[in-house]
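Q: Please take a close look at one part of this model, the charged side chains and the surface patches around them. Set that part in the context of the whole fold.

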Amino acid sequence: MCARGSLQTIISKGVFTIDSFFIICIIRDIAEGLHYLHRSFVGAIGNLTSATCLVNDAWQVKISGFGIPFFIDRQLQKESLWVAPEHLAEDPVGESKPGDIYSFAIICSEVITRKPAWNIVERKETTHDLLYRIKRGGHTLMRPELTLDGVEIGSGLLNLVRDCWSQDPADRPSTEFILSQIRDMNKCWKNANLMDHVFSMLEEYTTSLELEVDDRTKELAEEKKKADNLLGRMLPNIDTEFCVPENLFNEAQ
């Protein structure tokens, strides 16, 4: 069971913090799944998106939605942000292994930037206009921006993603080459486990949160002390001894 839902949902909610190791592991899982399917009887998938990449409890990514061409809405695919330019120009939309590699690159851009495909929510043009410019090609190709937000990503991975979305399908690397490159990048974490890494990240976050709470508590105590001192200077001194007139004291007796 993939209880965490699709990769697209996880990215859109922005509920997790990732680092370079996390990114490499997510991309590696997708590449391994794609490599397996390309070598199997399935061949080309044709509808690979972040919505068809499902995540289980162990943060492993599984590719779904393959091998069911009669369930794929080819007309809807003409409006898909993951379809390769050469297939957008076809009617109906076709499929190929290089086309899957292009789709893989778009998913990688989502994982790296932690934003929806093509950052479509913040773009000025409509999806239709964007797809037209993608299909048209030209000297200045339309591709997602690989902007990084506080995460250090090696240039090797960024260049690999750019190779995967090349305009010419023949220039896109195979899944074998992609996996070999990712494994080379992952050598420094060869014996690392993603779940152990996630728990380590959570422990670090918990520790930093506890330190922040302690700091805020100290600040609150200091502010309370200042407020008490200020209030003490503003109010007059009150004599705690209450003197009863002698005649009233005698009457009370």
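A: The overall fold is described below, then the salt bridges, the surface patches and the cysteines.

This is a predicted model, in which local features need pLDDT of at least 70, side-chain atom pairs count only at pLDDT 80 or more, and totals for chains, interfaces and linings use all residues. Residues are numbered from 1 along each chain as its sequence is written, and side-chain values use heavy atoms, with hydrogens and water left out.

The protein has 10 helices and three strands. Helices (H or I, at least four residues) and strands (E, at least two) are DSSP runs, numbered from the N terminus. From that end the order of elements is β-α-α-β-β-α-α-α-α-α-α-α-α. The protein has 253 residues, of which 38% count as buried. Buried means under 20% relative accessible area, exposed means over 50%, and partly exposed lies in between (1.4 Å probe, protein chains only).

Side chains of opposite charge can pair when their charged atoms come close. A salt bridge is taken here as a side-chain nitrogen of Lys or Arg within 4 Å of a carboxyl oxygen of Asp or Glu. By this rule there are six salt bridges. Arg123, Glu125 and Arg133 are linked in a network of them. In the pair of Glu125 and Arg123, the closest N and O atoms are 3.2 Å apart. Between Arg133 and Glu125 the N to O distance is 3.3 Å. Glu125 counts as buried because its relative accessibility is 19%. Arg123, with a relative accessible area of 25%, is partly exposed, and so is Arg133, at 34%.

Another salt bridge joins Glu223 and Lys226, at 3.9 Å from N to O. Both residues lie in helix H9, three residues apart, about one turn of the helix. Glu223 is partly exposed at 48% relative accessibility, whereas Lys226 counts as exposed at 52%.

Helix H9 spans residues 194-234 and contains Asp215. On the surface, Glu210, Asp214, Asp215 and Glu219 gather in a patch of negative charge. Patches are made of residues with over 30% relative accessible area and no salt bridge; like charges are joined within 9 Å, and nonpolar side chains (Val, Leu, Ile, Met, Phe, Trp, Tyr) within 5 Å. Lys and Arg count as positive and Asp and Glu as negative, while His and the chain ends are not counted. The place of a charge is NZ of Lys, CZ of Arg, CG of Asp or CD of Glu. Asp215 itself is partly exposed because its relative accessibility is 43%.

A nonpolar surface patch is formed by Leu230, Leu231, Met234 and Leu235, with about 420 Å² of accessible area together. Accessible areas come from the Shrake-Rupley method with a 1.4 Å probe, and for residues only the protein chains shown count as cover. Met234, a member of this patch, lies in helix H9. Its relative accessible area is 61%, so Met234 counts as exposed.

Last, the cysteines. A disulfide is counted when a pair of cysteine sulfur atoms lies within 2.5 Å, and the count comes to zero. Cys108 is in no disulfide, and the nearest cysteine sulfur, that of Cys164, is 6.6 Å away. Cys108 is buried, with a relative accessible area of 1%. Cys25 also counts as buried, at 1% relative accessibility.
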